[in-house]
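Hi everyone, thanks for coming along. I have two short stops planned for today, so let me put the structure up on the screen.

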Amino acid sequence: MGLKELADSVNRRPELSRHPDSQRFIQSFPIIKVKASFDKEFDEELIFIIQGQGDTQRHKTNVKADMTDWFMQKQHPQFQMVGDRAIEIARKNSPHDLEMELYDCWGAIYKKNDWTKVHDHWPHVWSFVYYIQCGSNDSPIQFPDADLSIYPISGEIVIFPGWVRHKVPLQGDDSERIIVSGNISPVKISF
Amino acid sequence: MSNNSALSNLASSIKPSGAMFHEEFTTKQAMHYNIPRMVVDMSAMDETKELNKELEFDIRDCGDNFAGRNSSASCLMTKWDMHKHYESFAKLGKAACAVAESGALAVRTHADGTNNPIKLYVQETWGLIYTKGHTTKAHTHWPSVWSYTYCVNGEQCCAPLVFPSVEGGSYEIFPATSQLIVFPSWINHLVPEHTCEHERIMISGNLDVIWD
């Protein structure tokens with residue numbers, strides 16, 4: 001048996017985490033919620049960029065709301081700045097010091113009846129959401145496996161491990177829930 | 001600090017209690033994972049017998065790199081980057097990558113919707129020799145993506161690999177020579193006291209993603 005046969009012997013199935021034989025692990029994980037401390041002018045720039053791009057993804061991703069390109073930080077330094085803030089928080093809360101970088105970063109605008117399917121960002125190390133503009137009745141981010149909901153507050157950033165499943169239920173309010181999200185990974189190494 | 005060396009600080013930074021995070025940030029989460037599906041018997045591979053001999057030789061050649069003990073494991077433990085110094089560890093790492101790549105927990109696609117498989121590399125790997133009385137405290141390897149253990153020499157009577165956070169009780173896997181176990185790095189695990197008279201010789205390692 002060679003390497004290929006070895007891999008094939010595992011019996012490729014996507015249900016590693018959903019198969020009836022799978023074990024249920026009860027473990028702790030961190031959710032960090034802090035003020036991002038960006039000023040109003042910065043937030044207005046982000047909103048202007050996100051609104052200007054419109055629904056590039058046409059609701060085809062897990063996000064059933066208007067959503068920009070995945071790699072907005074490559075076009076707009078404001079997205080990189082949000083990512084840098086998230087990385088700063090991630091470094092303080094990782095189990096050891098690890099050089100990390102922003103992998104992708106996008107904006108989204110949730111209007112009434114918009115939502116996001118349950119999903120995770122595995123194999124990214126950390127994921128985050130920055131709430132630019134949110135109302136008091138806007139939908140929370142929900143972590144269904146932890147039975148936890150966090151209601152959005154404008155100016156706050158929430159970060160969590162990339163393997164943690166999350167979703168956003170239907171936005172019931174007429175107000176626009178405007179966010180930036182992204183993924184953080186270890187710095188790339190060359191081979 | 002370079003990425004290559006960053007995870008080498010893992011042992012020194014993991015809290016002695018095995019707790020990963022500050023309590024004020026901690027939320028309990030239920031996660032599902034099918035551990036038995038990623039337990040692979042490598043004894044059918046043509047090279048395995050020879051590989052096991054080489055691995056054992058190379059562990060002894062390197063010796064105990066943690067004599068002052070700054071690790072979750074109380075037994076003999078080599079340096080972290082054995083795959084860079086010994087071909088046997090590099091070979092085993094390739095096998096672990098192949099198994100882990102076959103068990104991706106999520107599908108990744110390119111922007112055009114075509115499949116974009118997640119490729120892995122060995123971030124670090126080390127050897128361990130347990131003798132009577134040795135243990136490894138509960139710990140995780142997050143933020144690595146996958147972790148693996150491989151049994152160079154062990155029997156069903158040896159101390160098992162224990163996953164203590166399974167709901168309703170822990171899950172145990174007893175060693176068998178040439179057994180490879182691949183599991184997500186966020187899963188808490190430990191080795192209870194080894195009570196056999198013979199040596200329990202193991203390889204452990206962490207795999208990370210080759211990002212585009």
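Let's begin inside the protein, with the second largest cavity, which holds about 170 Å³ of space. Please keep in mind that this is a predicted model. In the whole structure there are five cavities of 30 Å³ or more.

So what lines the second largest cavity? There are 18 lining residues, and those nearest the centre are Tyr110(A), Val129(A), His166(A), Ile179(A) and Ser181(A). Chain A strands E5 (100-110), E6 (115-119), E7 (126-133), E11 (166-168) and E12 (177-186) each give at least two residues to that lining. Sorted by class, the lining has ten nonpolar, seven polar and one charged residues.

Now over to chain B, and helix H3, residues 48-62. Its 15 residues reach 21 Å from first C-alpha to last, close to the 21 Å expected at 1.5 Å a residue.

Which residues of H3(B) are buried? They are Thr48(B), Leu51(B), Asn52(B), Leu55(B), Asp58(B), Ile59(B) and Cys62(B). Look down the axis of H3(B) and these buried residues fall within an arc of 130 degrees, so they line one face of the helix. That fits the general rule: an α-helix has 3.6 residues a turn, so residues three or four places apart point the same way.

What does the buried side pack against? In chain B, the partners are helix H4 (87-102) and strands E3 (76-77), E4 (120-130), E6 (146-153) and E11 (200-209). On the face turned away from the buried side, you'll find the exposed residues Lys49(B), Lys53(B) and Phe57(B).

Finally, after H3(B) comes Gly63(B), with a positive phi near 80 degrees. Thanks for listening!

Notes. Residues numbered from 1 in each chain as written. Chains lettered and ligands numbered in written order. Predicted model: local features only at pLDDT ≥ 70, side-chain atom pairs only at ≥ 80, totals over all residues. Heavy atoms only, no water. Helix = DSSP H or I, 4+ residues; strand = E, 2+ residues; numbered from the N terminus. Expected span 1.5 Å × (residues − 1). Buried < 20%, exposed > 50% of the residue type's maximum accessible area, 1.4 Å probe, protein only. Arc of directions from axis to C-beta. Contact = heavy atoms within 4.5 Å. 1 Å grid on protein atoms, 1.4 Å probe; cavity = no way out; pocket = protein on both sides within 12 Å on 5 of 7 lines; lining within 4 Å. Points joined across faces, edges and corners; volume = space filled by probe spheres on them. Nonpolar A, V, L, I, M, F, W, Y, C, P; charged D, E, K, R; others polar.
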